[in-house]
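Let's work through a few exercises together. Have the sequence and the 3D view open, and try each task before you read its solution.

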Amino acid sequence: MQLLLAVIDPERTDAVLRGFLSLGVRGATLVEAEGMGRLLADDVPIFAGLSALVSRARPRNTLLISALTDDQVDPALTLLGEACGGLDEPGHGIAMVVPLTRVVGLAEPLPVDAQRREASTEAGAGPHERT
């Protein structure tokens, strides 16, 4: 198992979550996030020079957290890159994968046919936690 952490544009979350369902990823948690540079530039006078750097950044991001099987990692990263406009470009998103030594409480993977059905019905659901 691997832990995927991704910082993405909030407008991209629905496309990412629909894609995750098609990959058999049953759960992800979304958290509204704000970057360190923006906070420091606004609140700490010594870092005021950072304001030029963060002026082109989004005011808010979404932190996506998901536990993936080893075979889901590469397809999930590919999907993130496609949905976010290429993770190799600055400002398009960041993704990290960390090995997990123990995970409890996860749902079983969906069968392929159920993945397709759930992806089409989830498309209209709200963008908070999907399990």
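**Exercise 1.** Is R60 buried, partly exposed or exposed? Sort E34 and E32 in the same way.

*Solution.* Keep in mind that this is a predicted model. You need two cut-offs: buried is under 20% relative accessible area, and exposed is over 50%.
- Step 1: R60 has a relative accessibility of 37%, so it counts as partly exposed.
- Step 2: E34 comes out at 32%, so it is partly exposed too.
- Step 3: E32 has a relative accessible area of 62%, so it is exposed.

**Exercise 2.** How many salt bridges are there, and which residues do they link in a network?

*Solution.* To count, a side-chain nitrogen of Lys or Arg has to be within 4 Å of a carboxyl oxygen of Asp or Glu.
- Step 1: Check R60 against E32: N to O is 3.1 Å, a salt bridge. R60 sits in the loop between α3 and β3 while E32 is in strand β2, 28 residues apart.
- Step 2: Now try R60 with E34: N to O is 2.6 Å, another salt bridge. E34 belongs to the loop between β2 and α2, 26 residues from R60.
- Step 3: The count is two salt bridges, and E32, E34 and R60 form a network.

**Exercise 3.** What is the strand order in the open sheet, and why do β2 and β4 each have one side without a neighbour?

*Solution.*
- Step 1: Walk across the four strands and you get β2-β3-β1-β4, with antiparallel pairing.
- Step 2: β2 (29–33) and β4 (94–99) stand at the edges with a single partner strand each, so one side of each lacks a neighbour in the sheet.
- Step 3: From one strand to the next, the twist averages 20°.
- Step 4: Zoom in on β1 and β4: six bridges join this antiparallel pair, and V7 stands opposite I94 in β4.

**Exercise 4.** Which helices lie across the sheet strands, and which elements supply the largest nonpolar core?

*Solution.*
- Step 1: α1 lies across β1, β2 and β3, at about 10° to β3. α4 lies across β1, β3 and β4, at about 5° to β1.
- Step 2: The largest nonpolar core has 17 residues, with L4, I8, V16, F20, L64, L68 and L80 making the most contacts inside it.
- Step 3: β1, α1, β3 and α4 each give at least two residues to this core, and α4 has the largest share, six.
- Step 4: Take V16: among the residues it touches are I8, L64 and L80.

How values were computed. Residues are numbered from 1 along each chain as its sequence is written. This is a predicted model: local features need pLDDT of at least 70, side-chain atom pairs count only at pLDDT 80 or more; totals for chains, interfaces and linings use all residues. Side-chain values use heavy atoms; hydrogens and water are left out. A nonpolar core is a set of buried Ala, Val, Leu, Ile, Met, Phe, Trp, Tyr and Cys residues joined through side-chain atoms within 4.5 Å. Buried means under 20% relative accessible area, exposed over 50%, partly exposed in between (1.4 Å probe, protein chains only). Contact means heavy atoms within 4.5 Å. Two strands pair if DSSP finds at least two bridges between them. Axes are lines fitted to C-alpha atoms, for helices over the stretch in contact, and angles run from 0 to 180 degrees between N-to-C directions. Lists of a residue's contacts leave out its neighbours within four places in sequence.
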